[in-house]
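Visitor: I would like to know how the terms used for a structure are justified. Please take me through them one at a time.

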Amino acid sequence: MLVTGGSRGIGRAVAEAFLAQGDQVAVTSRGGGGPEGALDLVCDLTDPAAVEAAFAEIEEKQGPVEVLVANAGITDDTLLLRMSEEQWAGVIDTNLTATFRLVKRASKGMLRLRRGRIVLMSSVVALLGSPGQVNYAASKAGLIGIARSLTRELGSRSITTNVVAPGYVETDMTAGLPEEQQAAYKQQIPLGRFAAPEEVAGTVTWLASDAAAYVSGAVIPVDGGLGMGH
Ligand code: NDP
């Protein structure tokens, strides 16, 4: 199985959870440094040739990818009128276009196997919107369209595609937020705190398990009640 962005934060916790179950895990990131026991690949997902090379190496060493967790993502926030074409394109390329590339490549092997699990890491921001995150929210909402279309395209081959929509999670991504903003967000979260990355990982391992075989096209919030189920 493959977890993109497995070197830090949510992706690392997801990779560790699968490793703890005894699964074979490959992780990718630009900088490298995945958890011990994982096949650690350096791969910039915005580069099609690098993605192809990563899949070739995984298939050679671990066999076809049966579970894809497309988790890597970036933010580049600013208000609409200040947002440049580059800021828009950069976030869309990494979060949305790279996911298209990954699911396309991974589904080849899954179709041959006639089974597979695809989990896309979206965000509560896809559903609620967020000022200063037009690029990010659009990219994360786009993942829902991918998942629901893939459910219709691939469902009959026992390939499920689901979306996980975390709220605020304690990672490098949120550590960059100013203290006051973090406090203001926590006030809006019914559970009154940010999530630990492991709390998102639990939902991902469940989606990949036999217990979730009949769940597809779903958007599962892991947000402490922030979106009230949406
Ligand atoms: P981090 O910033 O902690 O980690 C991001 C990971 O993605 C790193 O491993 C990074 O490695 C990798 N990555 C980024 N860009 C690329 C690229 N072009 N090619 C390959 N790898 C890349 O993020 P989080 O763990 O916080 O977030 C993980 C996912 O969850 C993201 O998609 C994010 O949008 C989403 N999310 C996060 C929330 C949060 O509160 N933290 C809330 C909701 C959703 P490297 O930099 O070395 O490439």
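Guide: This is a predicted model. The ligand sits in the largest pocket.

Visitor: What makes it right to say that the ligand "sits in" the pocket?

Guide: The term requires more than half of the ligand's atoms to lie within 2 Å of the pocket's grid points. The ligand is assigned to the largest pocket, so it passes that test.

Visitor: Which elements give two or more residues to the shell around the ligand?

Guide: They are helix H1 (9–20), helix H5 (134–154) and helix H6 (172–175). H6 gives the most, with three residues.

Visitor: What kinds of residue make up the shell around the ligand?

Guide: The shell divides into 11 nonpolar, 14 polar and five charged residues. Of the 30 residues around the ligand, Ser7, Arg30, Asn71, Tyr136 and Thr171 come nearest.

Visitor: Why is the approach of Asn71 to the ligand called a polar contact?

Guide: A polar backbone atom of Asn71 is 2.7 Å from an oxygen atom of the ligand. The cut-off for a pair of N or O atoms is 3.5 Å, so the pair counts. Gly31 also has a polar backbone atom 2.8 Å from a ligand oxygen, and a backbone N or O atom of Leu45 lies 3.0 Å from a ligand nitrogen.

Visitor: How much of the ligand does the protein bury?

Guide: Taken alone the ligand exposes 880 Å², and the protein buries 95% of that.

Visitor: Why are Tyr168 and Tyr185 called a stacked pair?

Guide: The structure holds two aromatic pairs. In the pair of Tyr168 and Tyr185, the centres are 4.3 Å apart and the planes differ by 15 degrees. The limits are 6.5 Å for a pair and under 30 degrees for stacking, so both conditions are met.

Definitions and conventions:
Residues are numbered from 1 along each chain as its sequence is written. This is a predicted model: local features need pLDDT of at least 70, side-chain atom pairs count only at pLDDT 80 or more; totals for chains, interfaces and linings use all residues. Side-chain values use heavy atoms; hydrogens and water are left out. A residue is near a molecule or strand if one of its heavy atoms lies within 4 Å of it. A polar contact is a pair of N or O atoms within 3.5 Å; within protein, one must be able to donate a hydrogen and the other to accept it, and residues adjacent in sequence count only if both atoms are side-chain atoms. Accessible areas come from the Shrake-Rupley method with a 1.4 Å probe; for residues, only the protein chains shown count as cover. On a 1 Å grid over the protein atoms alone, a cavity is a set of points where a 1.4 Å probe fits but cannot get out, and a pocket is an open set with protein on both sides within 12 Å along at least five of seven lines; lining residues have an atom within 4 Å of a point. Helices (H or I, at least four residues) and strands (E, at least two) are DSSP runs, numbered from the N terminus. Ala, Val, Leu, Ile, Met, Phe, Trp, Tyr, Cys and Pro count as nonpolar, Asp, Glu, Lys and Arg as charged, and the others, Gly among them, as polar. Rings of Phe, Tyr and Trp (its six-membered ring) pair if their centres lie within 6.5 Å; planes under 30 degrees apart count as stacked, over 60 as edge-to-face and the rest as tilted.
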